[in-house]
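User: I am new to reading protein structures. Could you walk me through one, feature by feature?

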Amino acid sequence: MSEKDNEKNILNKLTDESTDDVETSSAAASEKAEESEWEFASAPSLDTEFLTDIGGDDVTVAIDSDAASAENAEEKKPESEKKDDDDNIKLSKKAVKIGACAFVALIVIAVLAFFGIKYYTTPNSDEKMNPGNIALRIGDTDVSIGMYNYYYDSIVYEYTYYANYGYYDLDTTTDFATQFTKDDDGNEISWLDFFEQQTKERLKLNIYYYEQGVKAGIELTDEQKSNIDSQISNLATTAAQSGQSINEYIADNYGEYCGEATLRKFLEQYYIAGTYYYQSQITNRPTEEEVNAYFSEHEADYESVSFAILEMPYDTSDETTKAAAVQSAQDISETLTDLQAMKDAIPVVSAELIQQYISLGYFETEEDAIESLAESQEFTQTKSEIESTFSAEISDWLMNSETAVNSTMVYPNEDSGIIYIIMKTAEPILDDTEVYSVRHILIMPKSDDTATEDATTEDTETADTETADTETDTDTESTESTEISEEAWNAAYEDAQSILDEYNNGEKTELSFALLAEANSEDTGSTSAGQNGYYGGGYEGITLGQMVSQFEDWATDDSRRFGDVEIVKSDYGYHIMYFIFDGAQYLYNAQQDCATAKENEVLDGVKVKEKAGFKKVKTATPGDKSVAVASSGQ
């Protein structure tokens, strides 16, 4: 086929596409052709919605006046003449449609002549958002093939990695299109389709919060910009060491058509989306009335039940052997009368599994294995957790009030090669463990001992709960163990009081407090500067005993009400406290689920549309770099 014939075929294909796939064509003619410098965040928008009206089935504008005249004269004409006029109107409509299509074709020809066919058909790694490089449109944002592939590779790696450790029923060496799982709605779906579905969902989540963040005026901080530059610089160095350009290296490791511009855009979107997400969790916090209503509707979901399990190997080599193994488990289950009997049975019933655990290095001796299995034999889980671990049948059986305590059931699991003997050890209850949620801003007094101060700061930044560590934690030094002068304590208090005054003179909202924490708190682990996933000085759903006593006593005082603010002194410094919640675990869980339900309701309305470039996105096959290797766990 000649090059001219090839261009003709492509032109025919373009003119035959739906207007959704060829929208953007006329406005494109007014853009510069293949600019040497493209700003990734402001790619050309070729929005020509009017083409839809011109070429659609409802095009009647050109004949409206003639039709109206014919209608006015209708009563004066003989019946036969009316019929002829109707036919003429139909012919006129068709002529207009043909004319409109010709007009669209002329526009496409002009655009192709101006930009070239490559503009419409070729993906790129530079985030130039030409039609051939757009895989999806999510909300108002176009997603490139490279960006889709980056997310897709992350999803595939995540699931195949955990599948290699038995968390998912997925063979990473076999065609993913021939293996099946369940989607979020419980429908059977191939793993290949599941990867695509999860990629779109994760993109939708991040893009939605990114768009909302932009609308809210959120901008990258200097620290975030520096982090992005640092990560890109590190990739460039690694690429050079591998003898590749940075774009070659990124495409090789993060997905085809993914380049430096793609990762830079991803990181910018990620930071803005993350900031808006954290802020929206504050501004959209469900009211007490909303939480109570949600809990009343879903109360059964928050009940938890205690049960014990006894494991024995499950030989699934043939149907006869399987049936014999299940029957043996059933016979054993009938001899078990209580939890102690379950523990006593471990050395015999689980003997073969114990030897496997020892050979894999989980335990050094048989005694160690038996002791560990006995200590971890009993569990307390909610209905949904049990369904996830076992099945809906087991969950219903355990939650049923007619199932007596110490009753047993056998659950054979072919995927894990284990038969579980399950015993109900208590009736379902609501988890009323006390938890609390607060925000705080820590101001630490400055020590004269710089070395000690640096060590304390490092410990504070790396501890899981930073300044809120328990008093028995010897890894984190408090300011009591250093030489702190009275003047230093006074200066710290003045700083704390100044921040509190700024809060009181402002909007006095939870968000305004969180923003002050982000800007001032020396407990970086409770802000976005840390690695714990916290924001705005927040610690939520904290159980008793994790925090220093002064911090915890204030947070759990019965007189506390939402929005209370006060300065509290501890060994670490002055905490400007903001009270959110103190109550039962099940109510805290209901708060989180209510907030998630509201969030999902909004996300369900976000539209994800496949565009022309979606035909070229990646699909996973065993052996891809994105597929975690079972032998190495990578």
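**Strands, a buried residue and pockets**

Analyst: Start with a strand pair in this predicted model. Strand S1 (residues 134–138) and S14 run antiparallel, and three bridges join them. Within this pair, Arg137 stands opposite Lys609 in S14.

User: What is the order of the strands in the sheet, and how do they pair?

Analyst: Read a sheet strand by strand, from one side to the other. Here three strands form an open sheet in the order S2-S1-S14, and the pairing is antiparallel.

User: Which strands stand at the edges?

Analyst: Count the partners. Strand S2 (141–144) and strand S14 (608–610) each have a single partner strand, so one side of each has no neighbour in the sheet. Next, check the twist. Neighbouring strands here are turned by 25° against each other on average, direction ignored.

User: Which helix packs on the sheet?

Analyst: Look for contacts, then for the angle. H9 packs on the sheet and touches S1, S2 and S14. The direction of H9 makes about 55° with that of S1.

User: Now a single residue. Is Ile232 buried or exposed?

Analyst: Compare the relative accessible area with the cut-off. Buried means under 20%. Ile232 has a relative accessible area of 5%, so Ile232 is buried. Ile232 is found in helix H10.

User: What is Ile232 in contact with, beyond its neighbours within four places in sequence?

Analyst: Set the sequence neighbours aside and see what remains. Ile232 is then in contact with Ile246, Glu260, Leu263 and Arg264. Take Glu260. Ile232 and Glu260 are 28 residues apart in sequence, yet 7.2 Å apart in space, C-alpha to C-alpha.

User: On to pockets. What volume does the largest pocket have, and how many residues line it?

Analyst: Read the volume, then the lining. The volume of the largest pocket is about 1900 Å³. Its lining holds 46 residues, and those nearest the centre are Gly166, Tyr167, Thr389, Asn413 and Ser416. S5 gives the most to this lining, with five residues. By type, the lining has 23 nonpolar, 15 polar and eight charged residues.

User: And the second largest pocket: which residues are closest to its centre?

Analyst: Use the same steps. The second largest pocket has a volume of about 1200 Å³. Of its 39 lining residues, Gln224, Tyr270, Tyr271, Gly274 and Ser528 are closest to the centre. Elements that give two or more residues include H9 and helix H10 (222–241). H12 gives the most, with eleven residues. This lining divides into 19 nonpolar, 16 polar and four charged residues.

Terms used: Residues are numbered from 1 along each chain as its sequence is written. This is a predicted model: local features need pLDDT of at least 70, side-chain atom pairs count only at pLDDT 80 or more; totals for chains, interfaces and linings use all residues. Side-chain values use heavy atoms; hydrogens and water are left out. On a 1 Å grid over the protein atoms alone, a cavity is a set of points where a 1.4 Å probe fits but cannot get out, and a pocket is an open set with protein on both sides within 12 Å along at least five of seven lines; lining residues have an atom within 4 Å of a point. Grid points are joined across faces, edges and corners, and a volume is the space filled by probe spheres set on the points. Helices (H or I, at least four residues) and strands (E, at least two) are DSSP runs, numbered from the N terminus. Ala, Val, Leu, Ile, Met, Phe, Trp, Tyr, Cys and Pro count as nonpolar, Asp, Glu, Lys and Arg as charged, and the others, Gly among them, as polar. Buried means under 20% relative accessible area, exposed over 50%, partly exposed in between (1.4 Å probe, protein chains only). Contact means heavy atoms within 4.5 Å. Two strands pair if DSSP finds at least two bridges between them. Axes are lines fitted to C-alpha atoms, for helices over the stretch in contact, and angles run from 0 to 180 degrees between N-to-C directions.
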